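Student: Please take one part of this structure and describe it closely, strand by strand and residue by residue where that helps. I would like the cut-offs behind each term stated as you go.

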Amino acid sequence: MKKSKKTNRSEKELIDFYIGGEVSALIHDLKRKREQNKDDPDWIWYSDIVDAQGHQYLDLVQEGGGVLGISLLGYTYVLEEFGFRFLSLRGTSAGAINTVLLAAAGKPHEKKTIKLLKILATKNLFDFVDTPDRMMRSLFKNILGEKIKRWKLIYQLPMAIDNVISLRNTKGFNPGNAFESWLKSILADFKVESMQKLRENMQPELPLFHRIDEKTQLSLEGQIKPDLALVATDLTTQTKSVFPRMSDLYFKDPDAVNPSAIVRASMSIPIIFEPYRLSSIPNHAGQNDKWIEKANWDGHIPKEVLFVDGGVVSNFPFDSFHRTGKVPRMPTFGVKLGIDRTALFETNGLLPMLMHTFEAARQMSDFNFQQKNREEYDHLVKNIDTAGYNWVDFNISEKKKRELFVKGARAAAQFITGFHWTTYKKLRERQIAQPRG
């Protein structure tokens, strides 16, 4: 396999390249405004769950979007620098990658994004294009890159046709092994090699408190249990598979599963990557009842399951955090990649049409939730403007990586400035008071 491109920058130079300049200025400006408005609760409090070090806690949902997921790092970096920390985490595809890495990289009270930036900033994402065919790798650069080099496609066309025919067996151009091996290695460095260890790592190390008012805080010892949700699409039974909640349907020992396997299933972009194959599905007594309860599946338990990108069924699983009946003690922040439904998609040509067909399918169920909960959704969810960037450009340049990171940081700064915790709690109070028809 082609080796990763190595940067000539030192670690300090690399970090300065990403967070110096505009990003540092954004954080400085946010902290300055908070100091200037220290008597305004809307500039001081964003959650009622706190620790003794002054961190404020929230739940976080991250959308999938291929290489655009780099911008999610910019978003969480600013949140952490402002004093936020994360408890329960949700994500699909690229959002699942960031979710697992955030959960693995340290305890909830620690800053973790900076560790992930050091890893991903130097990673050549084209390493994940792991087809053994060199000509096919070249074709991927031409088709999925920033600009399609049509003159190169002409002499590569016969080879492309041959590989398309081979999809009858593989169902994807790239095995996906390079990605899974890379993620498994990163998790091993964090000493996280099982789902059980990942969940243990998410448990708060510092005592947490429920802030009632300026003088009153109640201990939450033993009451906060962070949750994790990674979404994949089970093609075999047509199921929205949410892990680890549904892990016992697919694995004999769910706690022992390496998280890299779950993420590999979640990020399997159809055609680009082979589906994730899972065999030896448990079929002991009582399993049929579990499948009915958790997956609404009343057929025969399959011997093998094929998983593709979770975005096919839910690219932004924000609805899984939605709770009714009481005012939350902390907010759920959501971050999406791209601006929702504000521009027409051009479908001139077969490839754009196929890409936009997949885009429409992976967004539709999430749009339905957004429409039904518009006011609350608008309070909690921020879109990162990633227009003009190709979400499957695995040959993305270092310059464009940084641009995406900065766009995520800008979005986070804008969101912090506009989010009002007290206003949101009043909205929830009104919702509870309204009779349901």
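Tutor: Leu278 has Val305 of strand β11 as its bridge partner, and this pairing is a convenient place to enter the structure. The model is a predicted one, in which local features need pLDDT of at least 70 and side-chain atom pairs count only at pLDDT 80 or more, whereas totals for chains, interfaces and linings use all residues. Residues are numbered from 1 along each chain as its sequence is written, and side-chain values use heavy atoms, with hydrogens and water left out.

Strand β11 spans residues 304-309; strands here are DSSP runs of E with at least two residues, helices are runs of H or I with at least four, and both are numbered from the N terminus. Because 5 of its 6 residues are buried, β11 is largely enclosed by the rest of the structure. Buried means under 20% relative accessible area, exposed over 50%, and partly exposed in between, with a 1.4 Å probe and protein chains only.

Two strands pair with β11, pairing being at least two DSSP bridges between them. Strand β10 (residues 276-279) runs antiparallel to β11 and is joined to it by 4 bridges. Besides the bridge at Leu278, Ser279 is partnered by Glu304 of β11. The two faces of β10 contrast: Tyr276 and Leu278 form the covered one, while Arg277 and Ser279 form the uncovered one. Beyond this strand, Ser280 lies in the loop between β10 and α13 (287-295). Ser280 has a positive phi near 55° although it is a residue other than glycine, and it is partly exposed, with a relative accessible area of 49%.

The other partner, β7 (residues 228-234), is also antiparallel to β11, with 3 bridges joining the two. Here Thr233 is matched with Val308 of β11. In the loop between β7 and β8 sits Gln238, another non-glycine residue with positive phi, about 55°. Gln238 is exposed, its relative accessible area being 73%. The peptide bond from Phe243 to Pro244 is cis, with omega near 5°, and Pro244 belongs to the loop between β8 (239-243) and α11 (247-250).

For comparison with the enclosed strand, consider helix α5 (residues 94-104): 11 of its 11 residues are buried, so this helix too is largely enclosed by the rest of the structure. Among them are Asn98 and Thr99. Leu102, also a buried residue of α5, is one of the residues in contact (heavy atoms within 4.5 Å) with Glu80.

Glu80 lies in helix α4 (residues 70-82), and Arg85 is found in strand β3 (residues 84-92). Arg85 is buried yet has no salt bridge, and Glu80, the nearest side chain of opposite charge, is 5.5 Å away. A salt bridge would require a side-chain nitrogen of Lys or Arg within 4 Å of a carboxyl oxygen of Asp or Glu. In charge terms, Lys and Arg count as positive and Asp and Glu as negative, with His and the chain ends not counted. Glu80 is likewise buried without a salt bridge. Each side chain instead reaches a backbone atom: that of Arg85 reaches the backbone oxygen of His109 at 2.8 Å, and that of Glu80 reaches the backbone nitrogen of Lys112 at 3.1 Å.

Across the whole protein, there are 17 helices and 13 strands, and buried residues make up 53% of the 437 residues.

Conventions: A polar contact is a pair of N or O atoms within 3.5 Å; within protein, one must be able to donate a hydrogen and the other to accept it, and residues adjacent in sequence count only if both atoms are side-chain atoms. Lists of a residue's contacts leave out its neighbours within four places in sequence.
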